[in-house]
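Thank you all for making time this morning. Please have a look at the sequence and the model on the screen, and then I will walk you through a few parts of it.

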Amino acid sequence: MEIKIEKLSKKFGDNHVLKDINLVIEKNKSTIILGKSGCGKSVLLKLIYQLIENDEGSILYDKKSFVNIDKFGMLFQYGALFDSLTIAENIAFIDFIDSRKNYRNKVINSLKEVGLSTDIYNKYPSEISGGMKKRVALARAIYKNPKVIFLDEPTTGLDPINSDMINELIIRIIRKKKMTAVTITHDIQSALKTGDNYHFLNEGIVEDSGTCKNLLKSKNKRLNDFLLGVKKLQKNK
């Protein structure tokens, strides 16, 4: 699915969060949204997902203004698993709440896609590791075979080994299933590894755009300052 955004604006009270945003999220490509905290990344994602309404401008999904959000999947920053539900119930949540549906085979397939065994099918989130929780959250995001998957800081809270594992899974899944991916991240290595294109937001506008392979070659000063700041922050952790 191609997503085309034109002259998109959003404000909350006197806070003009997004100002005249123009960008294209290419079909079956991985697009990275970069920027400092408070620059409007999360608001942009919510607007695309139709969780909130824009004030001005338009968002077109394959050239149409209407989209069935069942075609979307979401990996939340901290997983957002329900502690009181089993792993299977978390993954199949949309079908779990409809007691008429049998979701076992779909859950098992989703677990396999993210490299997890059926041994955890009936376990609870508290019984598995942080890295496994992130993979379960990814399994839930792809459970419906969405056309578009949104990933909010997919490597947050993970050590380098698990971060690399999640990045590899993301690449494999979006290529295999031919999904359009939109990722918000501060993890530059993750962006370079998983992204095709990037858009850098700064103070509510698109400051710079390009291909991820050329991200570190950008001549945009504000983007380079952002990248340097992230690098220093990660070095001091």
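**The sheet and its crossover**

Let me begin inside the sheet, where phenylalanine 150 stands opposite valine 182 in strand 7. From strand 6 the chain passes through helix 6 to reach strand 7, and this β-α-β crossover is right-handed, meaning that, with the strands pointing away from the viewer, the path from the first strand over the helix to the second runs clockwise. Helices (H or I, at least four residues) and strands (E, at least two) are DSSP runs, numbered from the N terminus.

Before going further, I should say that this is a predicted model, in which local features need pLDDT of at least 70 and side-chain atom pairs count only at pLDDT 80 or more, while totals for chains, interfaces and linings use all residues. Residues are numbered from 1 along each chain as its sequence is written, and side-chain values use heavy atoms, with hydrogens and water left out.

Strand 6 and strand 7 pair in the parallel sense over 5 bridges, where pairing requires that DSSP finds at least two bridges between two strands. On its other pairing, strand 6 runs parallel to strand 5, joined by 4 bridges, and here glycine 73 stands opposite isoleucine 149, while leucine 75 has leucine 151 as its bridge partner.

How are the 6 strands of the open sheet ordered? The order is 5-6-7-3-8-9, with mixed pairing. Strand 5 (72–75) and strand 9 stand at the edges with a single partner strand each, so one side of each is left without a neighbour in the sheet.

As for strand 6, 5 of its 5 residues are buried, that is, under 20% relative accessible area with a 1.4 Å probe and protein chains only, where exposed is over 50% and partly exposed lies in between. Val148, Phe150 and Asp152 point one way from the strand, and Ile149 and Leu151 the other way.

Turning to helix 6 (residues 160–176), its 17 residues should span 24 Å at 1.5 Å a residue (1.5 Å times one less than the number of residues), and the end C-alpha atoms are indeed 24 Å apart, which agrees. Its buried residues include Ile166, Leu169 and Ile173, and among the elements covering the buried residues are strand 6 (148–152) and strand 7 (180–184). Just after the helix, lysine 178 takes a positive phi of about 55°.

Finally, glycine 210 lies in strand 9 (residues 205–211) and is partly exposed, with a relative accessible area of 26%.

Methods. Contact = heavy atoms within 4.5 Å.
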